[in-house]
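Thanks for coming. I will take a few minutes to walk through one structure, starting with a term we need and then going from place to place.

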Amino acid sequence: MGLRVLIVGGVAAGASAATRARRLDYDAEIIIFERSGHVSFANCGLPYYVGDVIQEREALLLQSPERFRDRFAVDVRLRHEVESIDRVGRRILVRNLDTGETVWEPYDRLILTPGASPIIPPFDGVDCQNVFFLRTMEDTDAFRACVDAGTVRRAVVVGAGFIGLETAEALTRRGVQVSVVELLDQVLAPLDEDMARRVAEHLRENGVSLYLGSAVSNFKAEQGIVTEVIMEDGRTLPADAVLLSIGVRPNTRLAREAGLTVGSSGGIQVDQHLRTTDPNIFAAGDAAEVVHAVTGRRVTVPLAGPANKHGRLAGEIAVAGKGASAAKVAATAIVQVFDLTVAVTGLSRKEAERAGIAAQHALVSRRHHVGYYPGAEEMLLKLVYEPGTRRVLGAQAIGGAGVDRRIDVIATAIHFGGTLDDLSNLDLAYAPQFGAAKDPVHIAAFVADNQERGLFRQVEPAAVGDLIDQGYQLVDVRHAEEFAEESIPGAVNIDVDELRARVGELDPDRPVLVLCEVGQRGYYAARILQGLGRRDVVNLSGGYVWYAVQCPDEDTQRSG
Ligand code: FAD
């Protein structure tokens with residue numbers, strides 16, 4: 001008889017564990033217990049099914065129990081919930097949710113992949129029929145049926161994370177008026193606030209009402225239906241449907257009750273081979289801890305990539321007894337928000353600071369391929385690095401085409417412990433329709449390198465007011481027509497191409513703040529002024545475009 005391998009949870013990590021175990025061990029008996037009615041479904045596609053972008057429900061069902069049986073000789077038991085683990089007797093208690101019957105099932109190896117569950121706040125009416133989560137197919141069927149019924153005119157999404165924003169977009173596309181309420185002052189917590197502001201602006205441009213820095217305190221329900229969402233400041237939002245997406249909690253009850261160690265991050269503690277504190281029990285996916293690629297700390301990262309890869313490895317080691325070490329995780333993620341692609345890897349500046357790592361950043365605005373080839377799309381790329389060591393800590397990108405590629409390149413550099421110099425020197429594929437010989441990744445690394453070498457100084461838009469108060473003269477080095485449209489109040493216009501000739505117009509006794517459209521011509525201007533002997537020159541990071549996003553309330557001057 002082969003090994004008896006039991007798996008708790010049959011979606012991303014569990015399905016990967018089962019199939020890998022089968023491929024490496026022909027004789028093992030492998031059983032997946034899954035408490036929902038579906039195995040191996042595409043949870044990442046759920047918001048798009050609600051939004052009718054994915055129209056066929058079947059497209060979300062990646063595997064069936066029959067396919068598992070025929071192709072992999074894996075026994076999938078749907079609607080079977082594992083209730084407890086008897087580690088001494090090496091068995092688990094399983095309840096058939098249809099019959100109520102319970103059975104003890106013995107194991108040689110147990111793999112825990114129970115995922116995470118949505119956090120449910122203790123509001124009145126949270127179990128009303130028009131309050132939804134998106135985690136299972138059953139959740140999704142109920143939500144979609146409600147939207148399909150045509151009775152949802154106004155919806156409130158609580159939580160502006162990835163799932164919340166994907167759903168906000170999906171509902172908007174279906175003609176629903178959407179409000180998003182978020183406790184933090186920004187959307188998408190993994191982003192720095194300045195980058196998140198651009199995403200918030202885009203959501204508003206697309207008709208989504210945002211309530212940032214706002215806590216929901218309760219719901220108002222009438223006859224089993226939530227009619228209003230009440231915020232702590234007393235404001236109320238009428239709602240025909242509510243999506244709760246305020247985060248997830250790792251499912252660790254089974255592990256905890258069995259005496260397995262659960263780490264301070266809230267996930268099941270595993271070693272580099274995904275073994276829990278019991279050598280016959282493995283854990284992977286949203287329920288388990290991973291090691292962060294930058295901080296080296298144990299964290300939980302509820303994303304499909306780590307769940308699939310670690311599930312696969314857990315399956316391998318469970319049957320083979322050995323295998324590679326689990327890869328560290330940079331928490332690389334990507335999301336579409338209407339016309340913007342937003343992606344992130346590693347640490348943001350605020351996360352680096354929170355982790356006690358000194359951080360600096362370079363912000364560049366570039367096209368995803370050379371401008372002379374039709375179809376180039378703008379991209380903002382923020383590269384976060386550690387001054388001194390020059391280690392790459394993270395990156396965030398917002399734009400259209402090509403955002404995914406740049407973040408993946410930087411994620412790869414982080415995986416290998418790369419520095420600014422590694423990024424500067426990467427040999428990347430180039431032809432006009434795909435990129436630039438100096439790719440946005442290179443440019444970001446060049447800017448960071450220039451900063452590190454003290455070639456120029458940049459300031460953030462928020463600092464502009466203080467610099468003006470300190471007596472800086474503001475020089476807008478764009479063309480006259482650009483300046484005529486809008487600029488920062490008090491700026492004078494000297495085109496960068498005329499700067500050498502007109503430098504005498506500047507007050508030699510006052511420091512200079514240069515600005516342009518996105519920061520590049522400002523850098524050239526700063527170097528010209530420095531070449532002419534000026535030491536007190538700073539450039540506005542991200543230029544006027546970035547200033548307009550960051551300081552929308554400041555008066556702009558129409559100088560034309
Ligand atoms: P899950 O996929 O949650 O599977 C765990 C399974 O275990 C569940 O089906 C559960 O029913 C079952 N289970 C739990 N306890 C028991 C028990 N006691 N007995 C039996 N069965 C049990 N990640 C990305 O990287 N990109 C995305 O675009 C993305 N989009 C997402 C969109 C949505 C709507 C959701 C919900 C998640 C998304 N994710 C995304 C996250 C990703 O889906 C998860 O990180 C991944 O599915 C985790 O895999 P897992 O196997 O650990 O857990």
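A helix here is a DSSP run of H or I with at least four residues, and helices are numbered from the N terminus. Helix α6 is one such run, covering residues 193-205, and Ala200 sits in it. Please keep in mind throughout that this is a predicted model.

Let me stay with Ala200 for a moment. Its relative accessibility is 4%, so Ala200 counts as buried; the cut-off for that word is under 20%. Now take Val76, which is 124 residues away from Ala200 along the chain. The C-alpha atoms of Ala200 and Val76 are 43 Å apart.

Next, the ligand. Which residues come nearest to the ligand? There are 27 residues around it, and the nearest are Ala13, Glu34, Arg135, Asp286 and Ala304. By type, the shell around the ligand holds 16 nonpolar, six polar and five charged residues.

Several elements take part in this shell. Helix α1 (12-24), strand β2 (29-34), strand β4 (80-86) and helix α8 (304-320) each contribute at least two residues to it. Which of the elements gives the most to the shell? That is β4, with three residues.

Now for individual atoms around the ligand. On the backbone side, an N or O atom of Ala12 is 3.3 Å from a ligand oxygen. A backbone N or O atom of Arg35 is 3.1 Å from a nitrogen atom of the ligand. Asp286 uses its side chain instead: an N or O atom there lies 2.8 Å from an oxygen of the ligand. As for how much of the ligand is covered, it exposes 990 Å² when taken alone, and the protein buries 90% of that.

On to charged pairs. How many salt bridges does a search of the whole structure find? The count is 39. I will show three of them.

The first on my list joins Asp86 and Arg91, with 2.8 Å between the closest N and O atoms. Arg91 has a relative accessible area of 31%, so Arg91 is partly exposed.

The next pairs Glu222 with Lys220, at 3.6 Å from N to O. Both partners count as partly exposed, Glu222 with a relative accessible area of 42% and Lys220 at 36%.

The last of my three is between Glu353 and Arg349, where the closest N and O atoms are 3.3 Å apart. Why are these two about one helical turn from each other? Because they are four residues apart in helix α9, which runs over residues 349-354. Glu353 is partly exposed, at 45% relative accessibility. Elsewhere, salt bridges with shared partners link Arg4, Glu29, Asp75, Arg77 and Glu105 into one network.

One more charged residue, this time in a polar contact. Arg478 belongs to the loop between β27 (473-476) and α14 (480-485). Is Arg478 buried or exposed? It is buried, with a relative accessible area of 2%. Its side chain makes a polar contact of 2.7 Å with the side chain of Glu517.

Now to the surface. Tyr372, Tyr373 and Tyr430 make a nonpolar patch of about 340 Å². Of these, Tyr372 lies in the loop between β23 (360-367) and β24 (378-385). With a relative accessible area of 61%, Tyr372 is exposed.

I will end with the backbone. Most residues other than glycine have a negative phi. Here are two residues with a positive one.

Arg90 is not a glycine, yet its phi is positive, about 50 degrees. Arg90 is placed in the loop between β4 and β5 (91-96), and at 34% relative accessible area it is partly exposed.

Leu188 is not a glycine either, and its phi is positive at about 45 degrees. The loop that holds Leu188 runs between β11 (177-182) and α6, the helix in which we met Ala200. Is Leu188 buried or exposed? At 1% relative accessibility, Leu188 counts as buried.

That is the end of the walk-through.

Note on methods:
Residues are numbered from 1 along each chain as its sequence is written. This is a predicted model: local features need pLDDT of at least 70, side-chain atom pairs count only at pLDDT 80 or more; totals for chains, interfaces and linings use all residues. Side-chain values use heavy atoms; hydrogens and water are left out. A salt bridge is a side-chain nitrogen of Lys or Arg within 4 Å of a carboxyl oxygen of Asp or Glu. Buried means under 20% relative accessible area, exposed over 50%, partly exposed in between (1.4 Å probe, protein chains only). A residue is near a molecule or strand if one of its heavy atoms lies within 4 Å of it. A polar contact is a pair of N or O atoms within 3.5 Å; within protein, one must be able to donate a hydrogen and the other to accept it, and residues adjacent in sequence count only if both atoms are side-chain atoms. Accessible areas come from the Shrake-Rupley method with a 1.4 Å probe; for residues, only the protein chains shown count as cover. Ala, Val, Leu, Ile, Met, Phe, Trp, Tyr, Cys and Pro count as nonpolar, Asp, Glu, Lys and Arg as charged, and the others, Gly among them, as polar. Patches are made of residues with over 30% relative accessible area and no salt bridge: like charges are joined within 9 Å, nonpolar side chains (Val, Leu, Ile, Met, Phe, Trp, Tyr) within 5 Å.
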